[in-house]
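Trainee: I would like to learn how to read a model of this kind, one feature at a time. Please show me the structure and take me through it.

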Amino acid sequence: MTATTVPAPSAPGAPAPDTPVLEAVDVTKHFEVRSAVGARSVVRAVEGATLALHRGRVVALVGESGSGKTTLARLLAGFYAPTSGEIALEGVTVRQRRGRVERGYHKDVQIVFQDPFGSLNPLHRVRHNLERPLKLHHGVRGRAELDRRVRELLERVALTPTEQFVDKFPHELSGGQRQRVVIARALAVEPKVLLGDEPISMLDVSIRLEMLNLLDRLRTEDGLALLYITHDIASARYLCDDIVVMYAGEMVEGGPKEQVIADPQHPYTRLLVESSPDPGRGARDRAALFDADADGLGEPPSLIDPPSGCRFHPRCPFAMDVCRTQAPPRTDLGDGRWARCWLHQKTQENE
Amino acid sequence: MVTQIMSDTDHDDAGTTAARGADGDVLRVTGLTVEYVTDGDPVRACADVTFTLRRGEILGVAGESGSGKSTLITALTRLQRPPAVTTAGSIVFQPRDGGAAVDLVTASPRALRALRWTSLSIVLQSAMDALNPVMRLGAQFADALRTHDRSLGNDAAWARAAELLATVGISGDRARSYPHELSGGMRQRASIALALACGPELVVMDEPTTAVDVVMQRQILAQVLRLRRTLGFAVVFVTHDLSLLLELADRIAIMYAGRIVELGTASELYDDPRHPYTRGLRDSFPPLRAPLRRLTGIPGTPPDLRRPPSGCPFHPRCAARFEGCDTHLPELVTKGGHAVACRLHDPTQRPQPAPGTSTGGAR
């Protein structure tokens, strides 16, 4: 694996302490939907997801659209109650009353959405947007104190000089500046966990890096536990420590990022990595890649009626009989790596 | 009225080989300027854009939002609507069969209609908007096919539609489907098949894979490349994803604030980007396999075209700027097929420390 000589942003942080800050254990979420004719069906959005976020570490959750990434983020943020399984904050199971968590939960867990244009109240200035969480969660009172805290927040997300931004309306800011305000607002409550649901996808390419570096700083300097959700494996590799790959609502592979990307153990991870643009790829590899018969690769399945057995089997070049009937169990591969694939289960039994 | 263009155009077009190899070029864009007319000063979204497109070539156009790439596309295809107005320049289309060259800027609606689909077609970002939601796919194909070939019967047109769908990996019986019955990736592939229905020489693609996932993106692009090999059409491929273009395109034009700031082959732009913006853009994509290092992106934000910066539009964000960048607008100068609009590469203007050290030190 490539050893990073220059301290890259995602140099391994402190060793993971035992209790994760936020943990999902075998979490499942089903949504009941009604079709136009009134027939009920169940969307199996997330199935048996297990994930642990540690202080000062970044976990990237990658997958295609419809793989359940966002549903999992919303479960972790307390917007949905899991159908089964549990979510634990610092070892304590989170309880929900009438589908809602207590306000105190949001003091520890904050989420940043993809669209910075939709997540700020357009009728209020930056100042108001940042003061609300300070008042609600910390009871900060007094003009001078509020001003000081707002200024600090803007400085932390590098919106300086702060007086240029504090009285602006969201529409007066660029996409990158808005997303910084959104992050500042999340930081206002001094959370322990920050969930980023594709936080850079809607930003211009040249300013994405600044946002990733900002998230990295929050992780190293403030020890936040970060979940970084993305479909862009290259940016996940840049920021995170561990990668978890989701496919059709299930987690299929996870482990330290370099190993997972350089040597994927699940056929879907391999497909995903090979499909990702990589300008560093040699010209010959490139020609081979585009020449390869890509027609047979298929598409992700419907989550209303997912394939039996392993959900990837209809697209998998290695599919065996067992894959069609039984869901593969999780196989630990050592060094914190694991995969849910019968290929590995078989090799372990043979040994 | 078709505007006749003299074959010996004497445009001083910065560095394109257009004047010589008219045979090999399908499109010659010269000095194209598009403005949005507003109450105040007109906003210049495309300024003095000059490039040529060779037959069968994939030309990538990369830029951030507001760089003028979509404006360029709508001007090329004459799909622009007020307040966008082409105020200067020409877009000369040279048909393959040696017919008269047509200036798309001045062509009449009638002449344009004759060109659309058969010579020039477009693939849009959102296939759902490009396909008619209340028509079966086959009917949409038949509609386009029969408009351009009056002798084609309805059954033959439907059969051809099934064939065309098969070329993009959709089974022919899906011709009876409505667009909403297809997945996003299939819709996008169907709209590519539709664009190719009448055998165009030039296909303009506006972010055709931005709305689909990476696996589907790879499939779609593999199919486009394969079809190009058999059908020989040229592509103008517009996207914000430079990393994708570096793998896909033959040549790439980088746009910034409505101007082409650099144009060269994919390997030239990756190995030796000359414009500081191109370099910054290239270094904004973390590598998938190469060793990681800290990347900084490009500080600042893209300019507001209502109030463009003086001189070089990139100078407020440029780490390699020097005296005069804020007043002098660099021209696109070609050296060995690689064009760049930056004063660092203009020997008469650059300052004493060699450009290699100043750009190299910037990153």
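Trainee: What share of the residues of chain A count as buried?

Mentor: This is a predicted model, so every value is computed from predicted coordinates. Of the 351 residues of chain A, 52% count as buried. The chain exposes about 15600 Å², and carbon and sulfur atoms supply 49% of that area. Its secondary structure consists of twelve helices and twelve strands.

Trainee: How do I read the contacts in chain A?

Mentor: Take the contacts with a separation of 6 or more and look at how far apart the partners lie in sequence. In chain A, residues 24 or more positions apart account for 66% of them.

Trainee: What are the corresponding values for chain B?

Mentor: Chain B has 363 residues, of which 53% count as buried. About 15400 Å² is exposed in chain B, with 51% supplied by carbon and sulfur atoms. There are eleven helices and twelve strands in chain B. For contacts with a separation of 6 or more in chain B, 64% come from residues 24 or more positions apart.

Trainee: Now the sheets. In what order do the four strands of the open sheet in chain A lie?

Mentor: The order is β2-β1-β4-β5, with antiparallel pairing. At the edges of this sheet in chain A stand β2 (40-53) and β5 (92-93); each has a single partner strand, so one side of each is left without a neighbour in the sheet.

Trainee: How many bridges join β1 and β4 of chain A?

Mentor: Five bridges, in the antiparallel sense, link β1 (residues 22-34) to β4 (residues 84-89) in chain A. As one example to locate in the model, V25(A) has E86(A) in β4(A) as its bridge partner.

Trainee: Is strand β7 of chain A enclosed or left open by the rest of the structure?

Mentor: Check its residues for burial. Five of the five residues of β7 (residues 193-197) in chain A are buried, so the strand is largely enclosed by the rest of the structure. Then look at direction: V193(A), L195(A) and D197(A) point one way from β7(A), while L194(A) and G196(A) point the other way, and all are buried.

Trainee: Which strands pair with β7(A)?

Mentor: Strand β6 (residues 109-112) of chain A pairs with β7(A) in the parallel sense over four bridges. Strand β8 (residues 225-230) of chain A also pairs with β7(A) in the parallel sense, over five bridges. L195(A) is a useful residue to follow: it is the bridge partner of I111(A), and in β8(A) its own bridge partner is L227(A). Between β7(A) and β8(A) comes helix α6 (residues 205-222), and the three make a right-handed β-α-β unit.

Trainee: How do I read a single residue such as Q217(B), and what does it touch?

Mentor: Place it first: Q217(B) is in helix α7 (residues 214-231) of chain B. Q217(B) counts as buried because its relative accessibility is 8%, under the 20% cut-off. Leaving out residues up to four places away in sequence, Q217(B) touches T209(B), V212(B) and L244(B), as well as P277(A).

Trainee: Last, how many disulfides does a search find?

Mentor: A disulfide is a covalent bond between the sulfur atoms of two cysteines. The search of the whole structure finds zero over all chains. For C316(A), the nearest cysteine sulfur is that of C341(A), 6.1 Å away. For C312(B), the nearest is that of C325(B), 6.1 Å away. C316(A) is buried at 16% relative accessible area, and C312(B) is buried at 10%.

Note on methods
Residues are numbered from 1 along each chain as its sequence is written. Chains are lettered from A and ligands numbered from 1 in the order in which they are written. This is a predicted model: local features need pLDDT of at least 70, side-chain atom pairs count only at pLDDT 80 or more; totals for chains, interfaces and linings use all residues. Side-chain values use heavy atoms; hydrogens and water are left out. A disulfide is a pair of cysteine sulfur atoms within 2.5 Å. Buried means under 20% relative accessible area, exposed over 50%, partly exposed in between (1.4 Å probe, protein chains only). Two strands pair if DSSP finds at least two bridges between them. Helices (H or I, at least four residues) and strands (E, at least two) are DSSP runs, numbered from the N terminus. A crossover is right-handed if, with the strands pointing away from the viewer, the path from the first strand over the helix to the second runs clockwise. Contact means heavy atoms within 4.5 Å. Accessible areas come from the Shrake-Rupley method with a 1.4 Å probe; for residues, only the protein chains shown count as cover.
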